[in-house]
Amino acid sequence: MGRPNVGKSTLLNSLVGTKLAIVSPKPQTTRTRILGIKTSPQAQIIFVDTPGIHPHAGSLLNQRMVETALHTLHDTDVSVFLVDAQRGVIPADEEIAQRLRGIRAPVIVVVNKIDLIARSTLLPLLERLALLLPEREIVPLSARTGENSAELLKLVSASLPIGVALYPGDELTDQSERVLAQEAVREQLFLHTQQEVPYTTAVVVEEFTEKPEKSLIFIRAVIYVERPSQRAIIIGERGSRLKQIGQAARLQLAHFFGCKVFLELFVKVSKGWTNNLGMLKELGL
Ligand SMILES: Nc1nc2c(ncn2[C@@H]2O[C@H](COP(=O)(O)OP(=O)(O)OP(=O)(O)O)[C@@H](O)[C@H]2O)c(=O)[nH]1
Ligand SMILES: [Mg+2]
């Protein structure tokens, strides 16, 4: 866990070795908790990616995302707290650290994105974190390059309780294929639109049909936005943006599922859905 944009989802993907959680340069990309399961002969580690925790959650959607993350805090055997090496420790990190001080389970502090900083700036950051969370292990690493992530795996494994595996050895996530498709579209919305637009979008997969005879998956999804102006932005001039979004998502999904994917996208307006509890629940948020 950690603030938005510190690289939690990137780390989950890198540790499990498969892209399971969507990633974008914008904060608040992840909206739900996402399992990434890593099974080795020694251990089964169930990583839980969470939405970023931040103090000023505006919409009901945002508040629920932060609640989801905070609930997870009491639900795991080990907590891994990420900070962004380039941004350093900011007040929002300190607030999370404060919460973590009360946790009885082991907490490992990860300083992520060390590929972006000079080694000389790392030491003061490590000292600062040692004061903030005394007697916790601190692991500097890069989720992007994988540098030093083996050290984190070692520490996590050592902290796990002895028990039976909870998932079959070949299972990688708890997300359904529909959810993976929905998230692939949402990732492209985050990458192709700016300012408030990505935050007003939700994706629902209405049809997901495997056609084995053609080794093809047919997916029909609806993109919800809050206002007609946002709908126009997503569609773009003569449908150009929606086409780009669909193409990129389709390629990702074809790669993930290992077959051809036919992806049909529609954009609909659902007024004020980010503050509508009924709609949020329908969307699983
Ligand atoms: N250079 C560098 N960039 C990274 C690293 N880890 C993550 N990033 C980038 O940081 C940005 C945010 O990454 P995410 O994994 O989406 O961050 P997150 O913490 O899951 O964010 P939320 O889901 O919004 O809470 C993306 O642009 C990533 O590519 C890293 O180790 N090095
Ligand atoms: Mg994320």
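This is a dialogue about reading a few features of a predicted model.

Student: Before we start, what are the ground rules for this model?

Tutor: Residues are numbered from 1 along each chain as its sequence is written, chains are lettered from A and ligands numbered from 1 in the order in which they are written. The model is predicted, so local features need pLDDT of at least 70 and side-chain atom pairs count only at pLDDT 80 or more, while totals for chains, interfaces and linings use all residues, and side-chain values use heavy atoms, with hydrogens and water left out.

Student: Okay, metal first. Which protein atoms are the donors of the magnesium ion (ligand 2)?

Tutor: Donors are N, O and S atoms within 2.8 Å of the metal (3.2 Å for Na, K and Ca); water is not among the atoms, so sites may look incomplete. Here the protein gives Ser9 (OG) and Thr30 (OG1), lying 2.0 to 2.1 Å from the ion. Ser9 sits in helix 1 (residues 8–16) and Thr30 in the loop between helix 1 and strand 1 (34–39), so the pair ties together parts 21 residues apart in sequence. Helices (H or I, at least four residues) and strands (E, at least two) are DSSP runs, numbered from the N terminus.

Student: Is Ser9 buried or exposed?

Tutor: Buried means under 20% relative accessible area, exposed over 50%, and partly exposed in between (1.4 Å probe, protein chains only). Ser9 is buried at 8%, and Thr30 is buried at 7%.

Student: Now ligand 1. How many residues surround ligand 1?

Tutor: A residue counts as near if one of its heavy atoms lies within 4 Å of the molecule. That gives 23 residues around ligand 1, the closest being Lys8, Thr10, Gln28, Thr29 and Asp115. Helix 1 supplies the largest share of this shell, three residues.

Student: And how do I read its polar contacts?

Tutor: A polar contact is a pair of N or O atoms within 3.5 Å; within protein, one must be able to donate a hydrogen and the other to accept it, and residues adjacent in sequence count only if both atoms are side-chain atoms. Oxygen atoms of ligand 1 have a backbone N or O atom of Asn5 at 2.9 Å and a backbone N or O atom of Ala143 at 3.0 Å. Thr30 turns up again, with a polar side-chain atom 2.8 Å from an oxygen atom of ligand 1. The protein covers 94% of the 650 Å² of accessible area that ligand 1 has on its own; such areas come from the Shrake-Rupley method with a 1.4 Å probe, and for residues only the protein chains shown count as cover.

Student: What about contacts inside the protein?

Tutor: Look at Asn112 in strand 4 (residues 107–112). A polar atom of its side chain lies 2.9 Å from the backbone nitrogen of Ala143, and Asn112 is buried at 2%. Gln175, in the loop between helix 5 (149–159) and helix 6 (177–192), has a polar side-chain atom 2.9 Å from the backbone oxygen of Leu20. Gln175 counts as buried too, at 12%.

Student: Which backbone angles should I check?

Tutor: Try phi. Gln195 is not a glycine, yet has a positive phi of about 50°; Gln195 is in the loop between helix 6 and strand 6 (202–211) and is exposed at 68%. Ser215, also not a glycine, has a positive phi of about 40°. Ser215 lies in the loop between strand 6 and strand 7 (216–225) and is partly exposed at 46%.
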